[in-house]
Amino acid sequence: MSILESHPSLDDTYPTRKSGEAALLYRQDPVVYGRPGDGPIDAATLESYDANGYLTVDELLAPDEVETYRAELRRLASDPRMLADDRTVTERGTSEVRSIFEVHKISEVFAELVRDPRVVGRARQILGSDVYVHQSRVNYKPGFTGKDFYWHSDFETWHAEDGMPRMRAVSISIALTENFVHNGGLMIMPGSHRTFVACVGETPADHYKESLVGQEIGTPDPNSLSILADKHGIELFTGPAGSATMFDCNCMHGSNGNITPFPRSNVFVVFNSVENACVEPFSAPGRRPDFIGARDFTPVA
């Protein structure tokens, strides 16, 4: 395994799934592009985000707003048309809804949330530009049957399979149920966003059909994960419904399964800079569907 190599290709700054050997590569892009005065994030929080790769908001949504989004969550999960829609992913071996993608186009309720200055304003500030929605979804992680999301960097997948050129995207996860230590909460390795893990294994055609249920290709090898965890540690996020976590596209993160009676549901939105629009995939035979990796680069108004 190569550790913190230089970058071997001018055509691809972050090569992955192209070698039989894993590698850890230095990040070549800034983390924060904007300034404290450009949005609602104060200077200290912006500095912490730059260092750790994430920030938290204790109460992004008020309790009455949370109830509105929960009601919409229930409506979507009980709609027979949504259960038959390609944008709906169910848990492996069950009919329980795991995720519904492109939710900001399916639901005007969630579309309004994406346009909310408390949400998109933070993304614009971090990325220093107008932004568009690369991906949106609601995650259900039901009680007893909610499966894990294995360790991964989102950017590795978006670069390899969607053609996202550089690390200039940010995700926001807004809790619609309480996040306990025991119901499969988000885990992040703070500071891991400054190291890119080049993964092994070629991307099969239509890989998304399997990866959305349980990803294997594009996941880091145990040695790389051990190196990052030893260096950075692991942070587990808890908090009430209405709280939020924003994190850099290259943060190493994952979550355990949920065998408790308490569901862990959230709405998840990925904002990409309009100056970082996707091109052809770097390590896949074809693009993923637009509802997973958008090709509409219209800025959020």
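Author: Before we start, a polar contact here means a pair of N or O atoms within 3.5 Å, where within protein one must be able to donate a hydrogen and the other to accept it; residues adjacent in sequence count only if both atoms are side-chain atoms. Also keep in mind that this is a predicted model.

Reader: Fine. Which backbone oxygen does the side chain of N272 reach?

Author: N272 sits in strand 14, residues 266-273. Its side chain has a polar contact of 2.8 Å with the side chain of Y132. The other link goes to a backbone oxygen, at 2.9 Å, and that oxygen belongs to N276.

Reader: Is N272 buried or exposed?

Author: Look at who surrounds it: beyond its neighbours within four places in sequence, N272 touches L127, D130, V131, Y132, H134, M164, R168, A169 and A277. Its relative accessibility is 0%. Buried means under 20%, so N272 counts as buried.

Reader: Strand 14 belongs to a sheet, then. In what order do its 7 strands come?

Author: This sheet is open and its pairing is antiparallel. Strand 3 (54-57) and strand 4 are the edge strands; each has a single partner, so one side of each lacks a neighbour in the sheet. From one strand to the next the twist averages 15 degrees. Reading across, the order is 3-12-8-14-6-5-4.

Reader: What is the bridge partner of S171 in strand 12?

Author: Strand 8 (residues 169-175) pairs with strand 12 (residues 244-248) in the antiparallel sense, over 5 bridges. Follow S171 across to strand 12 and you land on F247.

Reader: Now the other end of that sheet. How many residues of strand 5 are buried?

Author: Strand 5 covers residues 97-101. It is joined by 3 bridges to strand 4 (residues 88-90), running antiparallel, and T90 has V97 as its bridge partner. Another 3 bridges, also antiparallel, join strand 5 to strand 6 (residues 131-139), where V138 stands opposite I100. Strand 5 is largely enclosed by the rest of the structure, because the buried count is 5 of the 5.

Reader: And the helices on this sheet: at what angle does helix 5 run to strand 14?

Author: Helix 1 (residues 43-52) lies across strand 3, strand 8 and strand 12, at about 135 degrees to strand 3. Helix 5 (residues 108-115) packs on the sheet too, touching strand 6, strand 8 and strand 14. With the direction of strand 14, helix 5 makes an angle of about 50 degrees.

Reader: Which helix gives the largest share of the largest nonpolar core?

Author: That core has 39 residues, and those with the most contacts inside it are F110, I126, I172, I174 and F271. I174, for one, contacts L60, L61, L113, V119, S243, A244, S265, N266 and V267, leaving aside its neighbours within four places in sequence. A second, separate core of 21 residues includes L25, Y54, C251 and C278. As for the largest core, 5 of its residues come from residues 117-127, that is, from helix 6.

Reader: How many of the 11 residues of helix 6 are buried?

Author: The buried ones are V119, V120, G121, R122, A123, Q125, I126 and L127. Just after the helix, G128 takes a positive phi of about 65 degrees. Helix 6 is mostly covered, and the buried count is 8.

Reader: There's also a sheet with 4 strands. Which strands stand at its edges?

Author: This open sheet runs in the order 7-13-9-11 with antiparallel pairing. Inside it, strand 9 (residues 186-188) pairs with strand 11 over 2 bridges, and M187 has L236 as its bridge partner. Helix 7 (residues 154-162) lies across strand 7 and strand 13 (252-255), at about 70 degrees to strand 7. The edge strands each have a single partner, so one side of each has no neighbour in the sheet: they are strand 7 (149-153) and strand 11 (235-236).

Reader: How many disulfides does the structure hold?

Author: Take C199, buried at 5% relative accessibility: its closest cysteine sulfur, in C249, is 14 Å away, too far for a bond. C249 is buried at 0%, and its closest cysteine sulfur is in C251, at 8.4 Å, which is also too far for a bond. For the structure, the disulfide count is 0.

Terms used
Residues are numbered from 1 along each chain as its sequence is written. This is a predicted model: local features need pLDDT of at least 70, side-chain atom pairs count only at pLDDT 80 or more; totals for chains, interfaces and linings use all residues. Side-chain values use heavy atoms; hydrogens and water are left out. Two strands pair if DSSP finds at least two bridges between them. Contact means heavy atoms within 4.5 Å. Axes are lines fitted to C-alpha atoms, for helices over the stretch in contact, and angles run from 0 to 180 degrees between N-to-C directions. A disulfide is a pair of cysteine sulfur atoms within 2.5 Å. Buried means under 20% relative accessible area, exposed over 50%, partly exposed in between (1.4 Å probe, protein chains only). A nonpolar core is a set of buried Ala, Val, Leu, Ile, Met, Phe, Trp, Tyr and Cys residues joined through side-chain atoms within 4.5 Å.
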